[in-house]
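Work through the exercises below with the sequence and the 3D structure at hand. Each task is followed by a stepwise solution.

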Amino acid sequence: MNETQYIKAQAHMHHAYFLGLQLMVSAHNDKSVMYDWMFRLFRQQHLDKFLSSFDKLGVTGEPDAVACAKYHVMSNSVGGVPVEYMYESDTKAWVRFRYPRWMYHGPTLCGLPPEVGHGFLRGWYAHNGVSLENPRLGYVCVSEDLTGEFGFCGYFKEYDHDLTDDERLQFSKEEMPPPFKAEEQPQLPNSEWNESRLEKANRNYAVEYIRNGLVQLASVIGEEETRALGRKAARLIGLQYLRETREMIDVADGDLDTGADYLVKMMSGLGDECEVAKDADGITVSQTGLRIVRGLPAEDAKIILDSWCDIWTGTMSSFTEMKKLEAEVLEDRIEWRITTQRER
């Protein structure tokens, strides 16, 4: 089995978990919570990734509006998100997201309020000028998707005056984008972005939304509610996506050995190492590396692991031969214990 399939399976699972978590939080909270959460999440993603990626994507030296539009086309393509670029001038360049939207894949698009998009725009796009130290650069949204318009579309614009904080994000619903030109689309530098790196980047793209998403959610609704909603969403996603991911990595729907095989292969898709030990009562899988919390403060790691472990608990319950999975989180590893589920 190609290691790429394990990486793809992890990208698929974490993407699904992010979608499920959005729906779970939206179903149990006011729309203002979704705005605050998305604002904090995308501001953190921006601070972590925006400037550090400029050189990697080859947009340094372009006019700021053009550089931002090209950046968002290429950076989203790394995560498998289709976005188009349209040049109008050195001070006005467009982006149009195509469908299906990664953020709201499938029917998720119908289950989230417009506040999600507003938080996303304010958290990331409206902050580009601040990060580039260009106080005249803002973003103008001409169409939203969660409001039922023609889709998510807008442009980066450099004005002839400094913008206030409120002016960095504006709406202009009467405008339409210029025609799409295939020959103008920015391309990732081939020398740096080979297939293997793209697959890992796609996985990391999804994983980062969970790492930052759970921590930022806790800052909005508190750790207790984050744990309750995060665990429920995680377990449901594990139940729902076991079959798809199991087939992606060629694991049978069988006994305890297949449960351990599934866990080992999936965790290798994160780049983690696993050791397996069998005894008369079950199987122990010792996982080290822990990419899901690597480099994070202990308090953030705890918030994430409190929910994330339930993805895999859900998967074990979804086998025909139901398995009980318990996790002991230690300082440098997770000890997973797989046994036959004989009672609730």
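**Exercise 1. Aromatic pairs**

Task: State how many aromatic pairs the structure holds, then classify the pair of Trp 102 and Tyr 205 and place both residues.

Solution. The structure holds 24 aromatic pairs; rings of Phe, Tyr and Trp (its six-membered ring) pair if their centres lie within 6.5 Å, with planes under 30 degrees apart counted as stacked, over 60 as edge-to-face and the rest as tilted. For Trp 102 and Tyr 205, the ring centres are 5.0 Å apart and the planes stand at 85°, so this pair is edge-to-face. Trp 102 belongs to the loop between strand E2 (92–97) and helix H4 (114–123), and Tyr 205 to helix H6 (residues 195–221), so the pair ties together parts that are 103 residues apart in sequence. Helices (H or I, at least four residues) and strands (E, at least two) are DSSP runs, numbered from the N terminus.

The model is predicted: local features need pLDDT of at least 70, side-chain atom pairs count only at pLDDT 80 or more, and totals for chains, interfaces and linings use all residues. Residues are numbered from 1 along each chain as its sequence is written, and side-chain values use heavy atoms, with hydrogens and water left out.

Next, burial: Trp 102 has a relative accessible area of 9% and is buried; Tyr 205 is buried at 16%. Buried means under 20% relative accessible area, exposed over 50%, partly exposed in between (1.4 Å probe, protein chains only). Finally, both residues belong to a cluster linked by ring pairs, including Phe 97, Phe 120 and Tyr 209.

**Exercise 2. The open sheet**

Task: Give the strand order of the four-stranded open sheet and find its edges.

Solution. The order is E6-E7-E9-E8, with antiparallel pairing; two strands pair if DSSP finds at least two bridges between them. Strand E6 (273–278) and strand E8 (323–329) each have a single partner strand, so they stand at the edges. E8 pairs with strand E9 (residues 333–340) over seven bridges, and Leu 325 has Ile 338 of E9 as its bridge partner. Helix H8 (residues 256–268) packs on the sheet, touching E6, strand E7 (283–288), E8 and E9. Contact means heavy atoms within 4.5 Å.

**Exercise 3. Two crossing helices**

Task: How are helix H2 and helix H3 oriented to each other?

Solution. The axes of H2 (residues 31–57) and H3 (residues 64–78) come within 11 Å and cross at roughly 85°. Axes are lines fitted to C-alpha atoms, for helices over the stretch in contact, and angles run from 0 to 180 degrees between N-to-C directions. H2 and H3 are therefore roughly perpendicular (under 35 degrees is roughly parallel, over 145 roughly antiparallel, 65 to 115 roughly perpendicular, the rest oblique). Among the contact residues are Phe 50 and Phe 54 of H2 and Tyr 71 of H3.
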